[in-house]
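The following exercises ask the reader to work from the sequence and the three-dimensional structure together. Each task is followed by a solution set out in steps.

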Amino acid sequence: MQNNHKTIQEPARHLACLLETDIAVVGGGTTGPMAALAAARQGKKVVLIERFGSLGGNMTLGLNTKPSGVLSGGIPLEIWNLARSVGGVGADYVATTKIKDVKIASPCDPEIMKMLLTRLLHEAGVRVLFETVVSAPVMEGNAVSGVIIESKGGRQYIAAKVVIDCSADADIAASAGAPYILGDGDAHAVQPVSMYYTLANVDVKRLADWARQNPQEVPARSIPEDDKDLDYGLWLTGFNNLIKAYQEEKGIALQRENITLKTANGVLYVNATRVLGVDGLSPLEMSDAMLEIYRQIEAYTAFLIEKVPGFENAHIGQIAPVIGVRETRHITGEYTLTGKDVVDCTTFEDSIGADNCAMDVHEVKGADVDFQGLGPYEIPYRTLVPLQVEQLLVAGRCISADHIAHGRTRNMPACMATGQAAGVAAAVAIDTDNSVRNVDVKRVQEILRSMEMPLKAKEIA
Ligand SMILES: Cc1cc2nc3c(=O)[nH]c(=O)nc-3n(C[C@H](O)[C@H](O)[C@H](O)COP(=O)(O)OP(=O)(O)OC[C@H]3O[C@@H](n4cnc5c(N)ncnc54)[C@H](O)[C@@H]3O)c2cc1C
């Protein structure tokens, strides 16, 4: 079935106001809860709207679980430490990659994280609306003054002084008229979509022993010295030779040269599937991608069971309920972070967070993954401020960064840092009767520092 060009006229109607708030946060994924918590702790009334029935987005529902860098301070580190105190996070580790080792925060248990985030937001006084989609901004001229929501209760709106778009796809920024670019230039020049899944009944110790003895098969890896740390500490990327041979033996084509396996709370997570050139904003293309993803899940599971020690009795545990989308829109903000900035580690006066995530670029057309450690870099506040639309901030994977810079900023620690900064900035803007564009960035930085968030790259080098 093809797109056709028919249109209908939607009749105008009056919408009821469900809630009035200082700050509306769109999206309760990896980034949104950081924005909501930061703003609420600055004394602001906050509503967070999430289309699914749990918090955490790609971190929890997407089964990603593992930040590709350390959580160096602020609310993200506080949450990781809290999760660790209840067994929901293990010890941080160092992963060997082809250029430089990367310090990596432990993966989290996604179920514990969902509950923890929900409790923290409740304790901070944030009103969370689950199972509610934000479909459009409410506009007064070129300023956002709320959001339109759709739920089982119908179509309503929420009035807000500032909106923070943490939808990952910049849904609200785009419909408010903010400029953006798609991927590396168009909707199909984007990093591939994937779907995580778990395998049950894996002999993780046997797998780790095999990986210890065959480092050439898993060149990027972290294997704990002590088997008691295997529950959270095993991370293996590679298997290229085995996968190539398997494809030739079976006469099948898989889309990825290497795959990643990792543990979190004793569960074995598989990041192996990939579909290239999928427009994450197209329901038709996303739905078609599912079929291919399920084919690959069956094939990779058979591969692991047949060829990799430790999987002999394994079976699929859980398939993520959502497709993992790596890249769609990047808003065009007051500043666009470039690939050169994140490689050369440019410093910025208005930095709102220092980050040391790996560079993680999955080829747009090929089968390779460029995952490498680099030095720490800084994220300027201006990347959160879209051009042309007032009282709107954007945080998470759709900030103003080009395709290569996005290879670092899309990682969870960077997304969380931008969410936290957006929450603080929105609160400061309201407190000082200023716009988010002209907010006193020095004041925002002071508050972030009081939360023990490092802002300069040299602080985490
Ligand atoms: C397969 C895969 C593997 C990855 N591996 C790693 C890794 O190992 N380490 C790492 O650090 N990063 C990794 N990433 C990247 C990282 O997980 C994401 O970029 C990051 O989690 C994005 O955070 P976010 O808050 O911007 O988006 P999300 O976490 O996706 O959150 C967006 C939230 O907004 C909600 N939402 C969206 N639109 C609306 C709407 N209109 N109304 C209401 N709610 C809405 C969604 O339901 C979701 O909860 C990976 C990504 C993928 C896809």
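Two strands are said to pair if DSSP finds at least two bridges between them. The model examined here is a predicted one.

**Exercise 1. Strands S6, S7 and S8**

Task: Establish how S7 is joined to S6 and to S8, and identify the bridge partner of Val147 in S8.

Solution.

Step 1. Begin with S6 (133-140). Strand S7 covers residues 143-151, and 7 bridges join S6 to S7 in an antiparallel arrangement. Within this pair, Val134 stands opposite Ile149.

Step 2. Inspect the connection. S6 and S7 form a hairpin with 2 residues between them, and Gly141 in the turn has a positive phi of about 65 degrees.

Step 3. Continue to S8, residues 154-165. S7 and S8 are also antiparallel, with 6 bridges between them. The bridge partner of Val147 in S8 is Ile158. A hairpin of 2 residues leads from S7 to S8.

Step 4. Follow the chain past S8. Cys166 lies in the loop between S8 and helix H4 (171-176). A residue is buried if 20 or more other C-beta atoms lie within 10 Å of its own; Cys166 has 34 and is therefore buried. Thr418 is 252 residues away from Cys166 along the chain, yet their C-alpha atoms are separated by 9.6 Å.

**Exercise 2. The sheet that contains S12**

Task: Determine the order of the strands in the open sheet that contains S12, and state whether the faces of S12 are covered.

Solution.

Step 1. Write down the order. The open sheet has 6 strands, arranged S11-S12-S13-S14-S10-S15, with antiparallel pairing. S11 and S15 (315-319) are the edge strands, each pairing on one side only. On average, neighbouring strands of this sheet are turned by 25 degrees against each other, direction ignored.

Step 2. Recall the principle of pairing. Strands of a sheet pair through backbone hydrogen bonds, in either a parallel or an antiparallel sense.

Step 3. Examine the two neighbours of S12. S11 (residues 220-222) is joined to S12 by 3 bridges and runs antiparallel to it. Ala220 has Thr237 as its bridge partner in S12, while Ser222 stands opposite Trp235. Towards S13 (residues 259-264) there are 4 bridges, again antiparallel, and Gly238 stands opposite Ile259.

Step 4. Consider the faces of S12 (residues 235-238). Trp235 and Thr237 lie on one side, Leu236 and Gly238 on the other; all of them are buried, and both faces are covered.

**Exercise 3. The largest nonpolar core**

Task: Find which residues of the largest nonpolar core touch the most other members, and which element gives the most to this core.

Solution.

Step 1. Identify the residues. The core holds 141 residues, of which Val147, Ile164, Leu393, Ala425 and Ala426 touch the most other members.

Step 2. Identify the element. H11 is the greatest contributor to this core, giving 14 residues.

Step 3. Compare with the domains. At least three residues of this core come from each of domain 1 (16-187 + 327-460) and domain 2 (197-319).

Step 4. Place this in context. In soluble globular proteins, nonpolar side chains tend to be buried together.

**Exercise 4. The shell around the ligand**

Task: Describe which residues are closest to the ligand and how the surrounding shell divides by character.

Solution.

Step 1. Count the shell. The ligand is surrounded by 37 residues, and the closest are Gly27, Gly29, Gly57, Gly324 and Gly396.

Step 2. Assign elements. S6 (133-140) and helix H11 (412-431) are the elements that give two or more residues to this shell.

Step 3. Divide by character. The shell contains 13 nonpolar, 17 polar and 7 charged residues.

**Exercise 5. Residues in loops**

Task: For Cys345 and Gln391, decide whether each is buried or partly exposed.

Solution.

Step 1. Take Cys345, located in the loop between helix H9 (339-344) and strand S17 (351-355). Its phi is positive, about 60 degrees, although Cys345 is not a glycine. With 17 other C-beta atoms within 10 Å, Cys345 is partly exposed.

Step 2. Take Gln391, in the loop between S20 (377-380) and S21 (392-394). Gln391 also has a positive phi, near 60 degrees. With 24 other C-beta atoms within 10 Å, Gln391 is buried.

Step 3. Add Pro386, which is found in the loop between S20 and S21. Pro386 has 30 other C-beta atoms within 10 Å and is buried. Pro386 and Gly333 are 53 residues apart in sequence, but 4.1 Å apart in space, C-alpha to C-alpha.

Notes:
Residues numbered from 1 in each chain as written. Predicted model: local features only at pLDDT ≥ 70, side-chain atom pairs only at ≥ 80, totals over all residues. Buried ≥ 20, exposed ≤ 12 C-beta atoms within 10 Å, placed from the backbone. Near = placed C-beta within 6 Å. Nonpolar A, V, L, I, M, F, W, Y, C, P; charged D, E, K, R; others polar. Axes fitted to C-alpha atoms, helices over the stretch in contact; angles between N-to-C directions. Core = buried A, V, L, I, M, F, W, Y, C linked by C-beta atoms within 7 Å. Domains from an automatic or database assignment.
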